[in-house]
Amino acid sequence: MQGYIDCHCHISAGEFDDDIDDVIVQAKKAGVLALLAVAEHAGEFEKIIQLSQRFPGFVMPCLGVHPVQGQDPAHPRGALLEDLDAALPLIEKYKEHIVAIGEVGLDFTPRVVDNDAGKESQRQVLIRQAEIAKQLSLPLNVHSRSAGRPMIHLLKELGVKNALLHAFDGKPSVAMEGVRAGYFFSIPPSIVRSEQKQKLVKQLPLENMCLETDSPALGPEKQVRNEPRNITVSAEYIAKTKGIPLEKVMEVTTLNALRLFPKLKTFIKM
């Protein structure tokens, strides 16, 4: 299959407000067939839906509440059940248009949450959203910073069958538990500067890999705005590491994305 699917990006971020049209044009020129636009909080949902309507068949909405909340990036906090209050009616409203519930998950970074009560609160927010995903027959688009093992264990405990673990920062041995559960792992362009991601790709089977950019974060260069067109960086690095043709990486990761996010086949303009 000729083209890439960016399985996790924040195209609704303010960093793209001034040149969104050009960013989309450049992505298409790089071979991107579609991008999954993930949300972090309910305040973003309408913007993501509008972008999907502005770029139909290309921007695919994923709605969910991220495990890190708070208006001030300098003072983040863990997600609370109250954060779902505004989100749930909108997920219900747009359920026919969304391809996944996300970005959801756990983030046990000490500056975000430093006690068991905070971790449990994040778990409850995730559990509720996993229930919604099951009701709507949608996969989860998952964040798991500093929480790789508890994240995979919780997903298995909840009986989640379809999940994408984006930018997984755990050990390859932990990731392989996810592989055995049938989960997928998406690889961002920051792999070129991340020894941990490089080790991960060596062990992960291509059949469990997808591509992502996490734009505007996790680009090939630190502190430089990342864009969906950089999906090629991820694909080229995987091809080099696995010793396989780039076309093979493109084909398998795209088929993986279509399998994991079945609604893409309905919306995408192939």
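**Helix packing and annotated sites**

Helix 6 and helix 7 sit oblique to each other, a label for angles that are not under 35 degrees (roughly parallel), over 145 (roughly antiparallel) or 65 to 115 (roughly perpendicular). This is a predicted model, where local features need pLDDT of at least 70 and side-chain atom pairs count only at pLDDT 80 or more, while totals for chains, interfaces and linings use all residues. Residues are numbered from 1 along each chain as its sequence is written, and side-chain values use heavy atoms, with hydrogens and water left out.

Helix 6 covers residues 172-180 and helix 7 residues 195-203; they pack at about 45°, with axes 9 Å apart. Axes are lines fitted to C-alpha atoms, for helices over the stretch in contact, and angles run from 0 to 180 degrees between N-to-C directions. Helices (H or I, at least four residues) and strands (E, at least two) are DSSP runs, numbered from the N terminus. On the helix 6 side, P172, A175 and M176 meet K199, L200 and Q203 of helix 7 (contact means heavy atoms within 4.5 Å).

Turning to the annotations, an unreviewed UniProt entry lists a "binding site" at H8, H10, E103 and D214. These residues span 207 residues in sequence, yet no two of their C-alpha atoms are more than 10.8 Å apart, so they gather at one spot. H8 belongs to strand 1 (residues 4-9).

The unreviewed UniProt entry also gives "binding site" for H143 and H166. This pair spans 24 residues in sequence, but the C-alpha atoms are no more than 5.9 Å apart, so they too gather at one spot. H143 lies in strand 7 (residues 140-145). UniProt positions follow the numbering used here, feature names are shortened, and annotations may be inferred rather than shown by experiment.
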